[in-house]
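Got the viewer open? Bring up the cartoon, keep the sequence panel handy, and follow along stop by stop.

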Amino acid sequence: MENRSTAKPLRFWLVLIALIAALCVVGLVALHGYRQTGQVVQITQNDQVVGTYPLQEDRTLRYESQDGGYNIVVIQAGKVRVSEADCPDQTCVRMGPTDQTAQTIACLPHKLIVQVLVQDDSSQIDGVTS
């Protein structure tokens, strides 16, 4: 009899784990549907758009923050990345290059946001907007 009583909780946990794994897969597939390759990069600092640039034109840009910090944004080979920053966490640098609309590069200490857009249209709906 003890085998039956231990089999039910084990079966419950296995079903629960399988259900959670299935939900994760569905979520990843749904998020992938929001991704698409963009054509322009919009850079925002302190809640103001400071530049919009085509991904097809290579360039290096330097943005100074109000606290004296900086970010170097590089557009190269159809992708954008933050190549250098003097912020302590370096999250923006570690994000790497992207050309996808669903991936935003952010440097919170310097209030810098780098977004890839499908076209030069700041009203674009992305995977985060409801």
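One term before we click anything: a residue is called buried under 20% relative accessible area, exposed over 50%, and partly exposed in between, using a 1.4 Å probe and protein chains only. This is a predicted model, where local features need pLDDT of at least 70 and side-chain atom pairs count only at pLDDT 80 or more, while totals for chains, interfaces and linings use all residues. Residues are numbered from 1 along each chain as its sequence is written, and side-chain values use heavy atoms, with hydrogens and water left out.

**Stop 1: the whole chain**

Colour by secondary structure. The protein chain has two helices and seven strands; these are DSSP runs numbered from the N terminus, H or I of at least four residues for helices and E of at least two for strands. Going along the sequence, the pattern reads α-β-β-β-β-β-α-β-β. Of the 130 residues, 28% count as buried.

**Stop 2: helix α1**

Select residues 2-34, which is helix α1, and pick out Ile-17 in it. Ile-17 counts as exposed because its relative accessibility is 56%. Now add Phe-12 and Trp-13: together with Ile-17 they make a nonpolar surface patch of about 370 Å². Patches take residues with over 30% relative accessible area and no salt bridge, joining nonpolar side chains (Val, Leu, Ile, Met, Phe, Trp, Tyr) within 5 Å and like charges within 9 Å. The areas come from the Shrake-Rupley method with a 1.4 Å probe, and for residues only the protein chains shown count as cover.

**Stop 3: the three-stranded sheet**

Next, show β3, β4 and β5. They form an open sheet in the order β3-β4-β5, with antiparallel pairing. Two strands pair if DSSP finds at least two bridges between them. β3 (59-64) and β5 (79-85) are the edge strands, each pairing on one side only. From one strand to the next, the twist averages 25°; axes here are lines fitted to C-alpha atoms (for helices, over the stretch in contact), and angles run from 0 to 180 degrees between N-to-C directions.

Zoom in on the pairings. β3 and β4 are joined antiparallel over six bridges, and Thr-60 has Val-74 of β4 as its bridge partner. On the other side, β4 (residues 70-76) runs antiparallel to β5, again with six bridges; there, Gln-76 sits opposite Lys-79 of β5.

Is β4 mostly covered or mostly open? Mostly covered: six of its seven residues are buried. Click Ile-72, which lies in β4. Ile-72 counts as buried because its relative accessibility is 13%. Draw a C-alpha to C-alpha distance from Ile-72 to Leu-61 and you should get 5.7 Å, though the two are 11 residues apart in sequence.

Then visit the turns. The β3-β4 hairpin has five residues between the strands, and Gly-68 takes a positive phi near 90° there. In the β4-β5 hairpin, with two residues between the strands, Ala-77 takes a positive phi near 55°.

**Stop 4: two salt bridges**

Switch on side chains for Glu-57, Arg-59, Arg-62 and Glu-64. The structure holds two salt bridges, a salt bridge being a side-chain nitrogen of Lys or Arg within 4 Å of a carboxyl oxygen of Asp or Glu. Glu-57 meets Arg-59 at 2.8 Å, N to O. Glu-57 is partly exposed at 42% relative accessible area, and Arg-59 is partly exposed at 25%. In the other, Arg-62 and Glu-64 have their closest N and O atoms 2.5 Å apart. Arg-62 is partly exposed at 47%, as is Glu-64 at 44%.

**Stop 5: β1, β6 and β7**

Select β1 (residues 40-45) and β7 (residues 112-117), which pair antiparallel over six bridges. Ile-43 stands opposite Val-114 of β7. Now add β6 (residues 105-107), joined antiparallel to β7 by three bridges. The β6-β7 hairpin has four residues between the strands, and Lys-111 takes a positive phi near 55°.

**Stop 6: the cysteines**

Stay with Cys-107, which faces Leu-112 of β7 as its opposite number. Cys-107 counts as buried because its relative accessibility is 2%. How many disulfides are there? Zero, a disulfide being a pair of cysteine sulfur atoms within 2.5 Å. Cys-107 is in none, and the nearest cysteine sulfur, that of Cys-87, is 3.7 Å away. Finish at Cys-24, which counts as partly exposed at 46% relative accessibility.
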